[in-house]
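User: I am a first-year student, and I would like a close look at a single part of this model, namely one of its sheets. Please take me through how its strands are put together and what lies around them.

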Amino acid sequence: MLRNSQVAHREIDQSQRSTAATLLMCPPDHFDVTYQINPWMDLQTWHDQRSTWRERAMAEWQSLKTTYERLGHRVLTIDPAHGQPDMVFMANCATVLDSKAVMAHFRHPERQGEEPFYRHRYHQLKEAGVIADMAFLPAGMAFEGCGDALWDSHRGLLWVGYSKRTAQEAPALVGQALNVPVAPLEMVADRFYHLDVALMPLSGGEVVYLPSAFNAEGLARIHSHVPEALRIEASDEDADVFAVNLVNLGRDIVMSGASEALLERLQSAGYRLHIVETPAFQLAGGSIYCLTQRLDLSWKA
């Protein structure tokens, strides 16, 4: 497996750079593991060495931000809020397409306190012209942003996971709000509580996914949209290091690690891999994609 120290930090030729993306991140000043709302949250391991893990989380987050900036992308931030330990997982706050943000409402009360801070920051982004509009689903309807709603630019559709964190009714309403086709996928395995830990569309048309996260209907839907040659099945080994929870920016992939088989498949497809290990965040059930919100996606991106 590639390690962070093995990532080449050479400068990429300007002609090979991805189009600059605008990303939103939240510093992990208040990141902590104080409750358990997914099977990955390991309170005992965290609290056995809490100060060490907090230092590692800050270093991991800074390494990720630096990697994005080194690749030529713009990183905006939101002020972290005391008492909101999972606010660092920015993917869950909204899903943004064509400058319109559909804001999240969290299923678990432990995360609902984050919502006012997200709304405030998105109002600021609207005033600054970074986004153009905000939309909300009906009051009380669970929807966890880009954790469950993944834009597939190759197919022009939104993959939306439901049942664990996002309500079954939400996919259709998100599609209506963004005026895009939707491919709903029921999440059936507890450890794959968000779609972004089980499936990820890539810029070249490939889709990386964990078959065990979906029922027969979900797999049939994936297969109907994605030709066999473009399906990349991840393994249990990949699941253990959150390999699917990657960020794809053009031909660059930023990920926490993966099996040799998955790394070779991605490299053979022409992607440049950048490994940023995230063991501290994985103790809370998140990794690279969870820490990142992209603000500039569009039908053409």
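Analyst: Before looking at the strands, we need a rule for pairing: two strands pair if DSSP, the program that assigns strands and helices, finds at least two bridges between them. Please also keep in mind throughout that this is a predicted model.

With that rule in hand, we can turn to an open sheet of three strands, whose order is β3-β4-β5 and whose pairing is mixed. The strands at its edges are β3, which covers residues 94-97, and β5, which covers 133-136; each has a single partner strand, so one side of each is left without a neighbour in the sheet. If direction is ignored, neighbouring strands of this sheet are turned against each other by 20° on average.

What makes the pairing mixed becomes clear when we take the two pairs in turn. Strand β4, made of residues 100-103, pairs with β3 in the antiparallel sense, and this pairing runs over four bridges. With β5, on the other hand, β4 pairs in the parallel sense, over four bridges. If you want to find these pairings in the picture, a few residues can serve as landmarks. Between β3 and β4, Thr-95 stands opposite Val-102, while Val-96 stands opposite Ala-101. Between β4 and β5, you can look for Met-103, whose bridge partner in β5 is Phe-136. The connection from β3 to β4 also deserves a moment, since the two strands form a hairpin with two residues between them, and in this hairpin Asp-98 takes a positive phi near 50°.

Next we can ask which helices lie against this sheet. Helix α4, which comprises residues 115-127, lies across β3, β4 and β5, and it runs at about 150° to β5. Helix α5, residues 170-178, packs on the sheet as well, where it touches β3 and β4, and its direction makes about 155° with that of β4.

The loops that border some of these elements take part in a salt bridge, which is one of ten that the structure holds. Arg-165 forms a salt bridge with Glu-144, and the closest N and O atoms of the two are 3.0 Å apart. Arg-165 lies in the loop between β7 (157-162) and α5, whereas Glu-144 lies in the loop between β5 and β6 (149-152), so that the pair, 21 residues apart, links distant parts of the chain. Are these two residues buried or exposed? Both Arg-165 and Glu-144 are buried.

β3 also has a place in another feature of the model, the largest pocket, where about 540 Å³ of space lies. This pocket is lined by 30 residues, and those that lie nearest its centre are Trp-151, Asn-248, Leu-249, Arg-294 and Leu-297. The elements that give two or more residues to its lining are β3, β6, β9 (199-201), β12 (247-249) and β15 (293-294). Among the contributors, β6 supplies the largest share of the lining, namely four residues.

Since β9 also belongs to that list, it is useful to set our sheet beside the one in which β9 is found, an open sheet of three strands with the order β9-β10-β11 and mixed pairing. In this second sheet, β9 and β11 (231-233) stand at the edges, each with a single partner strand, so one side of each is left without a neighbour in the sheet. Its neighbouring strands are turned by 15° against each other on average, again with direction ignored. β9 pairs with strand β10, residues 207-209, in the antiparallel sense over three bridges, and Pro-201 stands opposite Val-207 of β10. A helix packs on this sheet too: α8, residues 260-268, touches β10 and β11, and its direction makes about 160° with that of β11.

To return to the part you asked about, its central point is that β4 pairs in the antiparallel sense with β3 and in the parallel sense with β5, while α4 lies across β3, β4 and β5 and α5 touches β3 and β4.

Conventions
Residues numbered from 1 in each chain as written. Predicted model: local features only at pLDDT ≥ 70, side-chain atom pairs only at ≥ 80, totals over all residues. Heavy atoms only, no water. Axes fitted to C-alpha atoms, helices over the stretch in contact; angles between N-to-C directions. Contact = heavy atoms within 4.5 Å. Salt bridge = Lys/Arg side-chain N within 4 Å of Asp/Glu carboxyl O. Buried < 20%, exposed > 50% of the residue type's maximum accessible area, 1.4 Å probe, protein only. 1 Å grid on protein atoms, 1.4 Å probe; cavity = no way out; pocket = protein on both sides within 12 Å on 5 of 7 lines; lining within 4 Å. Points joined across faces, edges and corners; volume = space filled by probe spheres on them.
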